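Here are a few notes on the pockets, as promised. Have the model open while you read.

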Amino acid sequence: MRRLLFVKTSSLGDVVHNCPAVSDAARAWPEGAIDWVVEEAFADVAAMHARVRRVIPVAVRRWRGALWSARTWQEIGAFRRALRGERYDRVIDTQGLLKSALLARAARGERHGMDAASAREPLAARFYDVRHPVTKGQHAVERNRQLVAAALGVPPVAACDYGLRAEGAQPLEMPAPYAVLLTMTSRADKLWPEEKWVELGRRLATDGVRVVLPWGSDEEKARAERIASGVRDAVVPRRMRVAELARLLRAAKGVAGVDTGLTHLAAALGVPAVGIYTSTQARLTGLHAGARVRNLEGADAAAVHAGLADATAERAPLAGLA
């Protein structure tokens, strides 16, 4: 059996963007075994891919803050044993960072990555056995796929398949059709004004669609509650894990969100979605999932509402948005 290891550790959006490359690898090696090194916070996404055999969580972010802890070094030792317990035919680092290159270097197998002119951090290329040029200026999904095609020596395929499953019970019972509004992001410059979220929520409520506003921190919860206070019957749920949020998103009639990993996850799950871009370029990191998604830059609430109506027309239309 051929064995392949992916190294793509973070962030959530980057992990989602790696999934089509995993699907491509599964097509190229249909009888192969695919493992994935990923940050522990995003392990749920890797585990949702239908062809990933084993997820190997890493905790670089947490370990950095506790390097003098005996427990940290025990965890690092356990990670190294898990990583080196297998010999791989290919180890592919699609992250292109020094930290990911070092993780790839710790694995056993022929290590592949982007060359110095292509990688996000050129120094990372020194740690690969085989380096590949990858065209800049294209979407992150396609950069990952181009690297994998080169590493496996196969021609690129046209179809983009995320391969994700969001199985299990819904974490939130909703008596009416609902849309998820993803108002949170790690960067302040990516936020969309709260008054615009309120206007969008009111338009959806008029359509008979309830609004759900997830959150991941106290600050994000406070923002969600302020928005919900201005929208009839809006719901601010309990805090959820990524796997639970995936099931919440999968059952939604539509999703609108800023440039954040959960918006990309919704698109990857085939949910009609609108990405709102206030400071980043949709051309490079926008929603990348065909006709069911729309990317809008500098949009107002009316444009996002219209974008949701357009996107949902590719599936069962959102009530009142056809």
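1. A term first: a pocket here is an open set of grid points with protein on both sides within 12 Å along at least five of seven lines, and a residue counts as lining if one of its atoms is within 4 Å of a point. Bear in mind that this is a predicted model.

2. With that in hand, the second largest pocket is lined by V60, W63, R64, L67, I76, F79, R80, K99, L102, L103 and A106. Its volume comes to about 270 Å³.

3. Which helices build that wall? At least two lining residues each come from α3 (60-64), α4 (70-84) and α5 (98-106). The largest share is from α5, with four residues.

4. As for chemistry, the lining of the second largest pocket has eight nonpolar residues, three charged ones and no polar ones. Worth a look if you're colouring by residue class.

5. Now the largest pocket, at about 1,200 Å³. Its lining runs to 46 residues, and S11, L12, G13, D14 and G261 are the ones nearest the centre. Two or more lining residues come from each of α1 (12-28), α6 (140-152), α9 (242-250), α10 (261-268) and α11 (282-285).

6. Which element gives the largest share of that lining? For the largest pocket it is α1, with four residues.

7. How does the lining of the largest pocket divide by residue class? The split is 20 polar, 14 nonpolar and twelve charged. Set that beside the second largest pocket, where no lining residue is polar.

Technical notes
Residues are numbered from 1 along each chain as its sequence is written. This is a predicted model: local features need pLDDT of at least 70, side-chain atom pairs count only at pLDDT 80 or more; totals for chains, interfaces and linings use all residues. Side-chain values use heavy atoms; hydrogens and water are left out. On a 1 Å grid over the protein atoms alone, a cavity is a set of points where a 1.4 Å probe fits but cannot get out, and a pocket is an open set with protein on both sides within 12 Å along at least five of seven lines; lining residues have an atom within 4 Å of a point. Grid points are joined across faces, edges and corners, and a volume is the space filled by probe spheres set on the points. Ala, Val, Leu, Ile, Met, Phe, Trp, Tyr, Cys and Pro count as nonpolar, Asp, Glu, Lys and Arg as charged, and the others, Gly among them, as polar.
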